[in-house]
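Work through the exercises below with the structure open beside you. Try each task before reading its solution.

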Amino acid sequence: MATKLDTIKALSDATMQRITRSRKDWMDYLDATAWLYKYPFYDQILIYAQRPDARACAPIELWNSVFKRWVKRGSKGIALIDDSGDRLKLRYVFDVSDTSTRSDIPFKLWSVEPEHQSQILEELTNRFGAIDSSDNFVEQLREVALNVAMDNVGDYADVMPFIVDGSGRVGMDHSEILDRFIITVAEGVIYTVLARAGLNPRALHPPFTFESIAYFDTPLVASQLGCATRDISEMVLRQIERSVRAIKQQTRDNIANSSQERENDVESHPIQPERSETDGTDLSTERGLPAPEPDAGEPADRTAGHVRADAQGVSQDEPQGAIQRPITLWEIDGTPDDNRSASARANQRDVATDGSRRGPERADESGESTPVDAADELPPDDGRGDDVAGDTVHLISEAEQLNLLETEVDRETASFLLQQDIDVELLRGSGFEHGKNRILAFYQTNPDAKTAIAFLKDEYGIGGHSFTYQDGSSGFVDHDGKGLSFRQWGTERQKTLSWSQVHRRIAE
């Protein structure tokens, strides 16, 4: 009997094939996931499959404890696959539309306003490079997104010739495979950026064609396309978000400074004696707002009601069948380095067999899920809390709210080690002559985990070498019977990946 985890995995594969069936299916997917750009591709797939209208997702604990928002009764959790432990399991998140506060305080997400556009563009070009002059913000943003895509897509394209078996790309030569992939990713990045910026890419001319989308018709090639589109889009969208936040913070600071200047002006200019007593010159001796008090009829100190976290409902048996997992395999960042340029990529290790392109592979991420059934619904009495603190969410600034929400979906600060660092090391092979080819040939036999781990231990042996991380720092990589260990010079930072984890990543 299939477990819920098996069902979720099957839904993931089915959705990945569905989103690339046509131009419309792909654009529907991009419209939805543009809002979820901080989630890995495989989580995006699962959220889209279950809640295509989702805008901001987080686990119930984060909604309750940080945002003082309560999940509504009857809401169903969105099932995601959690591979952070030795066994795959399910975890659940809820969209902001599933939550509320006692006073219906809205949860704000960033948006691009017309008055933001010039500063956003300036900061984008400062980070990613100059573009041709234009007075049209849409065209300017389109050009920025295209440049970022072209600078980074090679990291993903090089692996395509090795994963096309069974797809519509079988029989194409190497260059045609790469060209179709690069064009589709570039279009997807531009579309996603414009969609999240609220610029309605479907209404633009010339229209987005996505003429090669139907060639990505297996879960493996679709996930490679999805990972590349998502990761590169995130680079641009994070920068836009930072700009919007900075503009809003600057506006708040200006208002606060203006208010303080008016107060200072009143204090430094005493009331003139010739003014009459009826001119409204009385000033309050107290400045600022009165201390907040509880609402009438409410106790001053109340604690939040307990809300039950979702049950996992996952079989303890080892899952059957392979699942392609997201780049954040070890809960570390899986996005390209925001500051990487084309010249920086040129120094990366060779990936393609013909040596024609250089750069670390961004292997695909995947995962889907079926709609969560009744067992995952919140019980009638546990769906919400009733703490008066629910009214105090407005005391947390919008920027702080978004930052706190990112703690669930943003893995960048989880470790000094980026997923790209790991992939660069794995693409290097064992370090011995023809080691990369031996590993490739071995994995083409579809080995089981136990056999693969034994092979990797023997192939890598005991040794190590110096290593330069994506952030420019230096360190060392050791390998022994336990696994691969990454260390950073001048710090105590170290991350060890077991051979089981290494096997899972190489298998992808």
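Two strands pair if DSSP finds at least two bridges between them. Keep that rule for the first exercise. The model is a predicted one.

**Exercise 1. The four-stranded sheet**

Determine how β8 pairs with β9, then place both strands in their sheet.

Solution.
- Step 1. Find strand β8 at residues 483-488. Five bridges link β8 to β9. The rule asks for at least two bridges, so the two strands count as a pair. Their sense is antiparallel.
- Step 2. Check one bridge. Leu-484 has Leu-497 of β9 as its bridge partner.
- Step 3. Widen the view. The sheet has four strands in the order β6-β7-β8-β9. It is open, and its pairing is antiparallel. At the edges are β6 (463-468) and β9 (494-498), each pairing on one side only. From one strand to the next, the twist averages 20°.
- Step 4. Add the helix. α12, residues 419-427, lies across β6, β7 (474-479), β8 and β9. Its direction makes an angle of about 125° with β8.

**Exercise 2. A strand and its hairpin**

Decide whether strand β3 is enclosed or open to the outside, and find its partner.

Solution.
- Step 1. Count the buried residues of β3, residues 78-82. Five of the five are buried, so the strand is largely enclosed by the rest of the structure.
- Step 2. Look at each face. In a regular strand the side chains alternate between the two faces of the sheet. On one side of β3 sit Ile-78, Leu-80 and Asp-82, and on the other Ala-79 and Ile-81. These residues are all buried, and both faces are covered.
- Step 3. Name the partner. Strand β4, residues 89-95, runs antiparallel to β3 and is joined to it by five bridges. In one of them, Ile-81 is matched with Leu-90 of β4.
- Step 4. Trace the connection. A hairpin of six residues leads from β3 to β4.

**Exercise 3. Two helix crossings**

Classify the crossing of α1 with α3 and that of α14 with α15.

Solution.
- Step 1. Start with α1 (residues 4-18) and α3 (residues 41-50). Their axes come within 9 Å and cross at roughly 90°. Angles of 65 to 115 degrees count as roughly perpendicular, so α1 and α3 belong in that class.
- Step 2. List who meets whom. α1 brings Ile-8, Leu-11, Ser-12, Thr-15, Met-16 and Arg-18. α3 brings Phe-41, Tyr-42, Ile-45, Leu-46, Tyr-48, Ala-49 and Gln-50. By class, this contact has nine nonpolar, three polar and one charged residues.
- Step 3. Turn to α14 (residues 449-460) and α15 (residues 499-507). Here the axes come within 9 Å and cross at roughly 105°. The helices are therefore roughly perpendicular.
- Step 4. List the residues again. α14 contributes Ala-449, Ala-452, Ile-453, Leu-456, Lys-457 and Tyr-460. α15 contributes Trp-499, Ser-500, Val-502, His-503 and Ile-506. They divide into eight nonpolar, two polar and one charged.

**Exercise 4. Three polar side chains**

Are Thr-229, Thr-101 and Gln-140 buried or exposed? Describe the surroundings of each.

Solution.
- Step 1. Use the cut-off: buried means under 20% relative accessible area.
- Step 2. Take Thr-229, in helix α9 (residues 219-268). Its relative accessibility is 2%, so Thr-229 is buried. A polar atom of its side chain lies 2.9 Å from the backbone oxygen of Leu-225. Beyond neighbours within four places in sequence, Thr-229 contacts Trp-26, Leu-30, Val-185, Gly-188, Val-189 and Thr-192.
- Step 3. Take Thr-101, in the loop between β5 (99-100) and α5 (117-128). At 4% relative accessibility, Thr-101 is buried. Its side chain reaches the backbone nitrogen of Ile-105 at 2.7 Å. Val-71 is 30 residues away along the chain, with 9.0 Å between the C-alpha atoms.
- Step 4. Take Gln-140, in helix α6 (residues 137-152). Its relative accessible area is 11%, so Gln-140 is buried. Leaving out residues up to four places away in sequence, Gln-140 touches Leu-121, Ile-131, Ser-134 and Asp-135. From Leu-121 it is 19 residues apart in sequence and 7.6 Å apart, C-alpha to C-alpha.

Conventions
Residues are numbered from 1 along each chain as its sequence is written. This is a predicted model: local features need pLDDT of at least 70, side-chain atom pairs count only at pLDDT 80 or more; totals for chains, interfaces and linings use all residues. Side-chain values use heavy atoms; hydrogens and water are left out. Axes are lines fitted to C-alpha atoms, for helices over the stretch in contact, and angles run from 0 to 180 degrees between N-to-C directions. Contact means heavy atoms within 4.5 Å. Buried means under 20% relative accessible area, exposed over 50%, partly exposed in between (1.4 Å probe, protein chains only). A polar contact is a pair of N or O atoms within 3.5 Å; within protein, one must be able to donate a hydrogen and the other to accept it, and residues adjacent in sequence count only if both atoms are side-chain atoms. Angles under 35 degrees count as roughly parallel, over 145 as roughly antiparallel, 65 to 115 as roughly perpendicular and the rest as oblique. Ala, Val, Leu, Ile, Met, Phe, Trp, Tyr, Cys and Pro count as nonpolar, Asp, Glu, Lys and Arg as charged, and the others, Gly among them, as polar.
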